[in-house]
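Me: I would like to go through the terms used for this model and check each one against its criterion. Please keep the answers short.

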Amino acid sequence: MAPGYIALINLAVIALLYLFLWRVIKAVYIDIYERPVPFAEAREAIEHKSRVGAKDASLEVVKSEWVGEGRVYPLTDLTTVGRSTETDIVLRDPLVSHQHSRIIKKLDEWYIMDLGSTNGTFVGKEKVTEPYTLKNGQKIRIGETVFQVRMK
């Protein structure tokens with residue numbers, strides 16, 4: 001092969017490598033620095049969700065750098081937790097995935113499941129790998145936020 005063709009192939013491979021790296025960095029940047037929700041819009045969504053759904057269980061924030069400690073989130077029959085503004089409980093913690101975990105009520109029992117998050121969901125010190133039955137008083141860790149389960 002002529003040296004000109006080899007140099008052209010080398011340049012094409014390098015260009016594709018830089019394109020790939022740029023796309024990876026862009027995806028990570030978008031994932032970390034998602035558009036913030038205006039405060040009024042977020043408050044309205046939270047108040048609406050707290051008026052709808054089951055009132056027999058909630059999550060209370062025990063420890064968090066991202067949410068006020070003592071804050072209580074009422075659980076509905078299907079509650080999602082994550083960094084996305086489309087989840088029911090929004091955590092701006094960089095260790096939390098956009099769709100991190102889901103809590104569901106089925107036959108008067110509450111279950112939590114991890115949605116394939118990068119850093120995992122923990123009940124106590126146990127990592128959740130399949131639907132896990134929740135009990136009153138248990139602690140759930142999602143990212144750096146720790147919740148306590150409250151059931152009536």
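Me: Which residue stands opposite V81 in β5?

Reply: The model is a predicted one. In it, S101 of β5 is the residue opposite V81.

Me: What makes β3 and β5 a pair of strands?

Reply: A pair requires at least two bridges between the strands. Strand β3 (residues 78-82) and strand β5 (residues 101-106) have four bridges, in the antiparallel sense, so they meet the criterion of at least two.

Me: How do you know that β5 and β6 pair as well?

Reply: By the bridge count again: six bridges join β5 to strand β6 (residues 109-114), and the two run antiparallel. Within this pairing I103 is opposite I112 of β6. The hairpin of β5 and β6 has two residues between its strands, and L107 takes a positive phi near 50° there.

Me: What makes β7 and β8 a pair?

Reply: Strand β7 (residues 121-123) is joined to β8 by two bridges and runs antiparallel to it. The criterion is at least two bridges, so the count of two is enough to call them paired. V123 has E126 of β8 opposite it.

Me: Why are β2 and β8 said to stand at the edges of the sheet?

Reply: The open sheet has six strands in the order β2-β1-β11-β10-β7-β8, with antiparallel pairing. β2 (72-74) and β8 (126-127) each have a single partner strand, so each has one side without a neighbour in the sheet.

Me: Why is I32 called partly exposed?

Reply: Buried means under 20% relative accessible area and exposed means over 50%. I32 has a relative accessible area of 40%, so I32 is partly exposed. This residue lies in helix α1 (residues 3-32).

Me: What makes I32 eligible for a nonpolar patch on the surface?

Reply: Patch residues need over 30% relative accessible area. The 40% of I32 passes that cut-off of over 30%. I32 is listed in the patch with I14, L17, Y18, F20, L21, V24, I25 and V28, and the accessible area together is about 880 Å².

Me: How many residues of the chain count as buried, as a percentage?

Reply: Of the 152 residues, 30% count as buried. The accessible surface of the chain is about 10,100 Å², and carbon and sulfur atoms hold 60% of that surface.

Me: Which elements make up the chain, and in what order do they run?

Reply: There are two helices and 11 strands. From the N terminus the order is α-α-β-β-β-β-β-β-β-β-β-β-β.

Key
Residues are numbered from 1 along each chain as its sequence is written. This is a predicted model: local features need pLDDT of at least 70, side-chain atom pairs count only at pLDDT 80 or more; totals for chains, interfaces and linings use all residues. Side-chain values use heavy atoms; hydrogens and water are left out. Buried means under 20% relative accessible area, exposed over 50%, partly exposed in between (1.4 Å probe, protein chains only). Accessible areas come from the Shrake-Rupley method with a 1.4 Å probe; for residues, only the protein chains shown count as cover. Patches are made of residues with over 30% relative accessible area and no salt bridge: like charges are joined within 9 Å, nonpolar side chains (Val, Leu, Ile, Met, Phe, Trp, Tyr) within 5 Å. A salt bridge is a side-chain nitrogen of Lys or Arg within 4 Å of a carboxyl oxygen of Asp or Glu.
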